[in-house]
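This report covers two elements of one structure, a strand and a helix. Keep the sequence and the 3D view open while reading.

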Amino acid sequence: MLTPAAAAPLMSFWDTPQHGGNSFNASPPDANYFRALKKTGATWVRLTFSKWQGAKRDFLIGNADKYTGLVKADLKVLKDVLDAAHQERMKVVLVPLSLPGARWTQQNGGKFDDRLWSDTQYWEQSAQFWQDLAAELKDHPAIAAYNILNEPAPEKTAGVTENGRLEEARGFIIENVGSARHLPGFYENVIKSIRRVDKETPIMVDSGYYANPRNLAAWPSKLMDDKVLYAFHMYEPYDATSAPNLKRQDPNRYPGTVTKYDGQWVTWDRELVKQHISMAFDWAKRNQVSANRIVAAEFGCMRQWQDCATYLEDVMEAVDAHEGHWAFYAFREDEWEGMDYELPTDLKAGHFYWRMDMGTADKLPRNGKLMKLISARMKAGRTAEE
């Protein structure tokens, strides 16, 4: 474990635009992984531990059905990974896919776990989990922020339309003040618990309905803590950017995909992407939140989709225009190749999985043009800051 004396500035790290990638790997990444990510021009990584094999059912939490304390063996694994990241001078935003009462769907038999949004006893367990974790990690020099939960969706089972009318999203927030489905209230509770042991580390909060910027725009106000980063994810139009699109006889194109949005049919193009992303920054301006506290914490598209390069450019340009932060999804994911932009677009998925099974992932060609596109923008941003 590294000493507190090595710690770098905390909130000031986010004062200038930071660009990075997501690490959602099934195995803990090592120093070589962080070194490779650093070479792309990334300054930070959004890292989840929830896929790693732990000593008990749910890594670090123990059991998301009832949290009773951190699993010490898992904590050591996590600290070793953070040490490796710091060795390569890579900042880490730590994000769980599961919390008590909200086990990640892919580890929950494919069923969305709604308990966290139905019973506040899980609020208290989640707050205790984060307090315990913050007490352990508050002085680690790799940590750039705690991201409380990946893609919360308290709206999902409550009859709210995803990408529906903004009035509906606003009404949901107001109607649920004081209930377990009130996401800002949940965050206030967890942040209060963290601040009992850690006054300084920035805290990142994903907006509602799987981190949709429209659902952040529905919040009536910012949170009380002054060291909060507000995050959204960008995969819209999902009908075009996601894996199912590639299975269509005639895949949806960008620009050109038509979807239902804000109560009407719209055609997705650069301008609509810009408008969708700008909702987060417009909300920030209204609530006296600096643009450098807004993060596009995930964005991406299937690497084999013919319009992926155009889409990625438009998303990055839209965020950069506001001087916000971003992190592409994902860097060298070890169990899925769909958004590994280092891989050439003509490399078949089967070859990736064969290499993984053979233990020869290092033989994969990593000269993909999409990663070069992302890397060029990251490096240009770093040069501008310097």
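## Strand β1 and its partners

This is a predicted model. Strand β1 covers residues 19–23. Five of its five residues are buried, so β1 is largely enclosed by the rest of the structure. Buried here means under 20% relative accessible area.

Strand β1 pairs with two strands. With β10 (residues 325–328) the pairing is parallel, over three bridges. There, G20 is matched by A327 of β10. With β2 (residues 44–47) the sense is also parallel, and four bridges join the two. S23 has L47 of β2 as its bridge partner.

## The β-α-β unit

Helix α1 spans residues 31–39. Together with β1 and β2, helix α1 makes a right-handed β-α-β unit.

## Helix α10: length and bend

Helix α10 runs over residues 270–286, 17 residues in total. From first C-alpha to last, α10 reaches 24 Å. That is close to the 24 Å expected at 1.5 Å a residue. Even so, α10 has a kink of about 35°, centred on S278.

S278 is also one of the buried residues of α10. The others are L272, V273, H276, I277, M279, A280, F281, W283 and A284.

## Helix α10: the two ends

At the N-terminal end, D269 caps α10. A side-chain oxygen of D269 lies 3.2 Å from the backbone nitrogen of E271. Just after α10, Q288 takes a positive phi of about 55°.

How values were computed. Residues are numbered from 1 along each chain as its sequence is written. This is a predicted model: local features need pLDDT of at least 70, side-chain atom pairs count only at pLDDT 80 or more; totals for chains, interfaces and linings use all residues. Side-chain values use heavy atoms; hydrogens and water are left out. Buried means under 20% relative accessible area, exposed over 50%, partly exposed in between (1.4 Å probe, protein chains only). Two strands pair if DSSP finds at least two bridges between them. A crossover is right-handed if, with the strands pointing away from the viewer, the path from the first strand over the helix to the second runs clockwise. The expected span of a helix is 1.5 Å times one less than its number of residues. The bend at a residue is the angle between axes fitted to the seven residues ending there and the seven starting there. A polar contact is a pair of N or O atoms within 3.5 Å; within protein, one must be able to donate a hydrogen and the other to accept it, and residues adjacent in sequence count only if both atoms are side-chain atoms.
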